[in-house]
Each structure stands twice: as structure tokens, then as C-alpha cells.
Amino acid sequence: MPEEDLVDIKFRLYDGTDMGPFRYSSASTVDMLKQRVVSDWPKGKTIMPKAANEVKLITSGKILENNKTVGQCRMPFADNGGGVVIMHVVVQPSLAKTKTEKKIEDSSRKIVCSCSIL
């Protein structure tokens, strides 16, 4: 693979620590990057994604779409002549899971309240 088809990417986490840099082909998809982030997530962090759909990657102020390739996401003005591209990682738990957890919390509150009435 020609050297110019490879891109070095570093993932910046919520606490300012970095993962990488890792070298990717320009044809790699954003979804592939997200899967790598989830699989290589550092142990001991307070926030941990459980699946790639809980991860958002942001570069140059844009949230990257899963079906786009690394080559499509590179901004011409951000091309720093072979330097490392930094992508910010945002972990956002899925909405369905959050609603389920909320229902469990609400139902446990109701039980506590009904027990205190007796």
C-alpha cells in the first residue's frame, strides 16, 4: 500500500489522554475506527463505551458519519503534511438503555416509598 494512502490517527479521550497514534488506510470507515476505540479502550476509566454505536468521533468540528471513509473525512485545510490527525472521542450511551435504567431507578423508588408507608 502506498505511504500516502495511510493516515496516522490519535484518539483524544474525555479526560485528555490519548490512544494511539494508529495507522489506517484512507479506505477505512469511521465505523472501523469506532470499533477499534471500543476494543482498545484503556482499563480503569470511569466512562467506558460498551459498543461502537455509543462512540462519536469528532474532527475539525464535525461529527463523523459511520459510512464515511477516513479519506472522505480529511479536510484539505487540516492536512498537515503527513502529521497525526487527532479525533476527539465522545461516549454517549444509547438512549434506549438510558430510558431502561431510568425506569428501573423510578420503580425502585416507588418500592422504597411504598415500603415506608407501611
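Good morning. The protein chain I am presenting contains three helices and five strands. Please keep in mind that this is a predicted model. Read along the sequence, the elements of the protein chain follow the pattern β-β-α-β-β-α-β-α. The protein chain has 118 residues, of which 25% count as buried. Among contacts in the protein chain between residues at least 6 apart in sequence, 57% join residues at least 24 apart.

Let me begin with the sheet. The five strands form an open sheet in the order β2-β1-β5-β3-β4, and the pairing is mixed. Which strands stand at the edges? They are β2 and β4, the latter spanning residues 62–63; each has a single partner strand, so one side of each is left without a neighbour in the sheet.

I will now take the pairings one at a time. Strands β1 and β2 run antiparallel and are joined by six bridges. They form a hairpin with five residues between them, and in the turn G16 has a positive phi of about 90°. Two bridge partners may serve as landmarks here: D8 is matched with R23 in β2, and F11 is matched with M19 in β2.

On to the pairing of β1 with β5. These two strands pair in the parallel sense, over four bridges. Within this pairing, the bridge partner of K10 is I86 in β5. Strand β5 also pairs with β3, here in the antiparallel sense and again over four bridges. In that pairing, L57 stands opposite V89 in β5.

Next, three residues of strand β1, starting with D8. D8 is found in β1, which covers residues 6–12. Besides being the bridge partner of R23, D8 makes a polar contact through its side chain with the side chain of R23, at 2.9 Å. Leaving aside neighbours within four places in sequence, D8 is in contact with P21, F22, R23, G83, V84 and V85.

The second residue is I9. Again leaving aside neighbours within four places in sequence, I9 is in contact with M19, P21, F22, Y24, L33, V70, V84, V85 and M87.

The third is F11, which also lies in strand β1. Is F11 buried or exposed? F11 is buried, because its relative accessible area is 0%, and the limit for a buried residue is under 20%. Not counting residues up to four places away in sequence, F11 touches T17, D18, M19, F22, Y24, L33, V37, L57, M87 and V89. One of these, V89, is 78 residues from F11 along the chain, yet their C-alpha atoms are separated by 6.4 Å.

This leads to the interior. The largest nonpolar core has 19 residues, and those with the most contacts inside it are I9, F11, L33, V37, L57, M87 and V89. At least two residues of this core come from each of β1, β2, α1, β3, α2 and β5.

What does helix α1 contribute to the buried part of the chain? The buried residues of α1, a helix spanning residues 30–39, are V30, L33, K34 and V37. They cover an arc of only 100° around the axis, which puts them on the same side of α1. As general background, an α-helix has 3.6 residues a turn, so residues three or four places apart point the same way. The elements covering the buried residues of α1 include β1, β2 (18–25), β3 (55–59), α2 (70–73) and β5 (85–91).

To relate this helix to the sheet, I return briefly to the strand order, β2-β1-β5-β3-β4. Helix α1 packs on the sheet, touching β1, β2, β3 and β5, and its direction makes about 115° with that of β3.

Finally, I turn to a loop position. S60 is placed in the loop between β3 and β4. S60 is partly exposed, with a relative accessible area of 36%. Although S60 and M87 are 27 residues apart in sequence, the distance between them in space is 8.3 Å, C-alpha to C-alpha.

To close, two points to carry into the discussion. In the first, D8 and R23 are linked both as bridge partners and by a polar contact between their side chains. In the second, F11 has a relative accessible area of 0% and is among the residues with the most contacts inside the largest nonpolar core. Thank you for your attention.

Note on methods
Residues are numbered from 1 along each chain as its sequence is written. This is a predicted model: local features need pLDDT of at least 70, side-chain atom pairs count only at pLDDT 80 or more; totals for chains, interfaces and linings use all residues. Side-chain values use heavy atoms; hydrogens and water are left out. A polar contact is a pair of N or O atoms within 3.5 Å; within protein, one must be able to donate a hydrogen and the other to accept it, and residues adjacent in sequence count only if both atoms are side-chain atoms. Contact means heavy atoms within 4.5 Å. Buried means under 20% relative accessible area, exposed over 50%, partly exposed in between (1.4 Å probe, protein chains only). The arc is that of the directions from the helix axis to the C-beta atoms. Two strands pair if DSSP finds at least two bridges between them. A nonpolar core is a set of buried Ala, Val, Leu, Ile, Met, Phe, Trp, Tyr and Cys residues joined through side-chain atoms within 4.5 Å. Axes are lines fitted to C-alpha atoms, for helices over the stretch in contact, and angles run from 0 to 180 degrees between N-to-C directions.
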